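Please find below my notes on the helix packing in this model, set out as numbered points.

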Amino acid sequence: MARTATKNRDGMRRCVATQRRRPRQELIRFVIGPDGALAPDFGERLPGRGYWVSADSVCLEVAQRGRAFQSAARQQLSIPCDLEARVESGLAKRCGSLLGLARRSGTLAAGYENAREWLQEDRGAVLVQALDGARNSRRALTGLARGLPILSVLTAAEMGAAIGRDFTVHAVLGPGRLAERFALEAGRLAGFRSRTADGRQG
């Protein structure tokens, strides 16, 4: 029988799909609403018992197909047919919101020239590039990253909307809590998007 995770001191949670314990930041929490419907709880603040799934589209599909949520909750649930799309959209919005916060706080350099300047001056902590950006321009900045995480999980339109532009392909986040939070959310979103470039340059 599938089991949900319980709180523990090491911050690990059990994925209802794989039954493997993983760091909570690598999973997504789900809760059951008053109407019996399953919903993602990205901020992990909603009341009620949590049911955790690895931040991966395959694991979420396995959990739904194998009725892992129902087994863990020991009750019948209403699971939206577009649950995966809702999760992907929600994670993308969280990433966009963090870019917007960074822009307003002055810890984001957006656009090719601004991003290049920050990289050349070693002012960046994370390089963010659009999934659908031109390969040549992306490669040019990648060469300046000097070991920084390179995250490509949002489209140019999504990045642009987050900072008040039509499109944005390149951005650099400065060191700090926002960069750390963006990296975490981008890592979770990467599990639901096929084209990613998440890693470290040697």
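The points below take up basis, helix pairs and a buried helix face in turn.

1. The model is predicted, so local features need pLDDT of at least 70 and side-chain atom pairs count only at pLDDT 80 or more, while totals for chains, interfaces and linings use all residues. Residues are numbered from 1 along each chain as its sequence is written, and side-chain values use heavy atoms, with hydrogens and water left out.

2. The axes of helix α3 (residues 83-105) and helix α7 (residues 177-190) come within 9 Å and cross at roughly 160 degrees, and the two helices are therefore roughly antiparallel (an angle over 145 degrees). Their contact (heavy atoms within 4.5 Å) involves, among others, Leu91, Cys95 and Leu98 of α3 and Leu178, Phe182 and Leu189 of α7. By class, this contact has 11 nonpolar, 1 polar and 5 charged residues.

3. Helix α1 (residues 57-65) and α3 have axes that come within 10 Å and cross at roughly 145 degrees. Ser57, Leu60 and Gln64 of α1 meet Leu83, Glu84 and Val87 of α3 in this contact, which divides into 3 nonpolar, 2 polar and 1 charged residues.

4. In helix α4 (residues 112-120), the buried residues (under 20% relative accessible area, 1.4 Å probe, protein chains only) are Ala115, Trp118 and Leu119. They cover an arc of only 100 degrees around the axis, which puts them on the same side of α4. Their cover includes β6 (108-110), β7 (126-129), α5 (135-142) and β9 (170-173).

5. After α4 comes Asp122, and the phi of Asp122 is positive, near 55 degrees.

Definitions and conventions
Buried < 20%, exposed > 50% of the residue type's maximum accessible area, 1.4 Å probe, protein only. Helix = DSSP H or I, 4+ residues; strand = E, 2+ residues; numbered from the N terminus. Arc of directions from axis to C-beta. Axes fitted to C-alpha atoms, helices over the stretch in contact; angles between N-to-C directions. Parallel < 35°, antiparallel > 145°, perpendicular 65-115°, else oblique. Nonpolar A, V, L, I, M, F, W, Y, C, P; charged D, E, K, R; others polar.
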